[in-house]
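What follows is a guided reading of one structure, beginning with a sheet and the helices that pack on it and then turning to charged side chains. Please keep the sequence and the coordinates at hand while reading.

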Amino acid sequence: MKIFKFGGSSIASATKIGNVAGIIRKESSRTSLVVVVSAIGKVTDMLAETAVLAGKGDAEYREKLDGIAALHGVIVRELFREAASAEEPWFQELLSELTDVLHGVFLLRELSDKSLALVLSYGERLSCRIVSRYLHVSGTPSECVDARSLIVTDEHHCYAKVDRLATGKRIRERFTRFDSLPVVTGFIAAAPDGSVTNLGRGGSDFTATILGAALHAGEVWIWTDVDGFYSADPKRVPDARVIPEISYEEALELSHAGAKVLHPLAVQPVMKAGIPLLIKNSFNPDSSGTKIGNQSVLQEGRTGTVTGLTSINHVVLLSLSGSGMAGVPGTASRLFTCLARHSINIIFISQASSEQSISVAIMPAQTTMAKKALEEEFVREIEERRIDPVSIRRNLAMVAVVGTKMSGHPGVSAQLFETLGKNGINVIAVAQGANEMNISFVIGSGDEDKALNCIHESFFLSMRKVHVFIAGTGTIAKSLINQIREHRSTLQKELSLDVAVCGLANTRGIVIDSGGIDLDRWHEAVHAMHEKSPFSGSARIHEYIRMIKEENMHNTIVVDCTASRQVAEKYPELLQADISIVTANKLGMAGPWDLYRRIMDAQRSSNAKFLYETNVGAGLPIISTLNDLKNSGDKIVCIEGVLSGTLSFIFNELRKGGRFSEIVRKAKEAGYTEPDPRDDLSGADFARKLLILGRELGYRLEYADVECQSLVPDSCRGEMTPVEFLDRLSGIDDWYAAEIDSAASEGMSIAYTGELKDGKAKVGLKRVPLESPVAGLNGTENLVVFTTDRYLTTPLVVKGPGAGGEVTAGGVFADILRIASYLV
């Protein structure tokens, strides 16, 4: 024999009831069945709202009641069609009873728990009658069985406690034989005096398992609208998966900690009787669902330490603390007894080992009562200042990580809290039972989804994901997007890493897609955002940052591909929100000292990473090499070299015999210079790079402290177009030709180089020996020479391409992957 329970969503329409009838007929041909039904979907909520309105004396309750009648009426007419007239009497009789009860509540202006339980019972009484009658008229003899005649409870009318012995006896007496298929009302029961009680929201699950245990059923099947227990709530964690099998203990922990697929008390009867419990989807009956059973049987062959995650998204944390609690026996007992006396349900308990504080999580609706009760209980201790007044923290969520294989398995807690820490999620309180199968913790409710997703990824997924938000859509950004698109599948296959671009922004618009922007069509998304964005200028970057923080996604990396001061000024805010940053924008690290200091302070105080390798050498590992030397204890004596791909190209070509102005023009045509070449020839970009390196060495330098020689002649300064500038630049060609010849006569050449030594930085023209590495550069190559205590006679040289969107984007991509390896 089996017990089948169908939830409200499974019978929410005539079509769905027809589907349920098909499932019942198919199984009843194989074995004896007892069917349990909930109220039709949403009806319990509608009844509760109607009762509350009536209790307030609000005549609008009649409109709500009419809606309930209409909903059931449509289903009755669709199911019975020609037979509808024969069904109307019982239907109208039940509705008339409900109308009278609500009218009485309305007249008295009072809604007691006893009255509310009676009103709510009509949901199951109506649905049970409809389902049983439909089965009967469609060829399956059945009868409606009112659970008030079966399940005996105490007199707590809402969420009553079941008398297991009396209930078991009644059930066995009632079901001595099965002449027709019983359809039983879920949820409702009766007190010894015959008044209606209920088993709490979702109590139909409990009804089914009570029947199963009393009748020694072979299995109990809970039919719902999902495929089973999931590793996490699929509405909040898109990658959640169905768990094929879990133990009774795991099901208990998950349901008590917030999993809505099963009533918290429903496991106990079948667990005690050793009856398998299955969670099935009535809309996908061929799915295997989730089987809940004995732990020792299910453990075989199962991998992974964590079985599932769940959460309760609105809790309040009450804390009782004070030095007067330490070493005083009975304090905890008084606290829990006090809360129990006032029927306050405790969801979570955490106590400091010093015994100076106890924290409990409860539902928000009970906060005022709980605080008042505790302060009355400990009034003397509070007056004597041995215990502080009860503190309350609101807007919290409780998350539970559950799994029987967590027990005795080192490293689970470390992995859990490391994952939370890397994502900037603050844990307020923690609790773990001695059986080690549940780690529960309390966090801010705003971090709930982020926590669930990052924990689920850490414990369940082989594929890890980082969410990238790019600022800027210029040359570097375009190259970066193309590189991510081309290598995304390779990263997924070889590194089990998915790099998803979830945001793009420029001066004209913003686009965000938490699922990831289609990188084959990102131009279309950018074009569309230009038309829709209501923000402009600096307001847009403020809005973009706000939206990124509001998304609050795990493993988030913001990538700055702009040259914007406004974006750089947002770095501290992002880092303080534990959002990692990769930047090709020098205006943060080479900006005013105050901004630099705020960025560094924010980075040190957060769990986020901040990488800016491309600020100095595009794709060359200059900053990382410098930090490796420093961190390994080497002392930097001097840093010198060429840190401008544009200026490197110009002087490399000049050594070959070209004319200076023609070479600059050639560099511009090749895309090596800024739109106005004076930006490169001024040496400002080079000076910023040297400034960054100086700050890396601990020197307090401002941009003005860098001695910078500009290559822009006086005659070429001021307002003029780039074309005018290039035409005038030919006036210094002869000087450069003469300087090259003069240097050559001494076995030298000229180059635009930089030097950082003894806390001083300078960039400018310099004669270098022909055998110098600088004189041997080609194209846009950069070169940095590190002279250190260890590399004193033979300095360490880093050399390679120093300009170009592809090279810089490659460096940015490498920094993204470095942060990804840390986060995941």
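Two strands are taken to pair if DSSP finds at least two bridges between them. On that basis this model, which is a predicted one, contains an open sheet of six strands in the order S12-S13-S11-S14-S16-S15, with antiparallel pairing. The edges are formed by strand S12 (348–351) and strand S15 (429–432), each of which pairs on one side only. Neighbouring strands of the sheet are turned against each other by 30° on average, with direction ignored.

At the edge formed by S15, the pairing partner is strand S16 (residues 438–444), and the two run in the antiparallel sense over four bridges; within this pairing, Ala-431 stands opposite Ser-440 in S16. Helix H14 (residues 412–422) lies across strand S14 (391–402), S15 and S16, and runs at about 15° to S16. Another helix, H11 (residues 331–341), packs on the sheet by touching strand S11 (308–321), S12 and strand S13 (357–362), and its direction makes about 20° with that of S13.

From the sheet we turn to the charged side chains, among which a search of the whole structure finds 45 salt bridges. How far apart along the chain are Asp-733 and Arg-659, and which elements hold them? Asp-733 belongs to helix H29 (residues 733–745), whereas Arg-659 sits in the loop between helix H24 (645–654) and helix H25 (660–669), so that the pair, 74 residues apart, links distant parts of the chain. The closest N and O atoms of their salt bridge are 3.8 Å apart. Asp-733 counts as buried because its relative accessible area of 5% falls under the 20% cut-off, while Arg-659, with a value of 33%, is partly exposed.

Other salt bridges also join residues of unlike accessibility. The side chains of Glu-653 and Lys-656 meet at 3.3 Å, N to O; Glu-653 is buried, with a relative accessible area of 15%, whereas Lys-656 is exposed at 61% relative accessibility. In the salt bridge between Arg-695 and Glu-702, where the N to O distance is 3.5 Å, Arg-695 is the buried residue at 3% relative accessibility, and Glu-702 is partly exposed, with a relative accessible area of 31%. Elsewhere, salt bridges are joined into a network, which links Lys-2, Glu-27, Arg-30 and Glu-219.

How values were computed. Residues are numbered from 1 along each chain as its sequence is written. This is a predicted model: local features need pLDDT of at least 70, side-chain atom pairs count only at pLDDT 80 or more; totals for chains, interfaces and linings use all residues. Side-chain values use heavy atoms; hydrogens and water are left out. Axes are lines fitted to C-alpha atoms, for helices over the stretch in contact, and angles run from 0 to 180 degrees between N-to-C directions. Contact means heavy atoms within 4.5 Å. A salt bridge is a side-chain nitrogen of Lys or Arg within 4 Å of a carboxyl oxygen of Asp or Glu. Buried means under 20% relative accessible area, exposed over 50%, partly exposed in between (1.4 Å probe, protein chains only).
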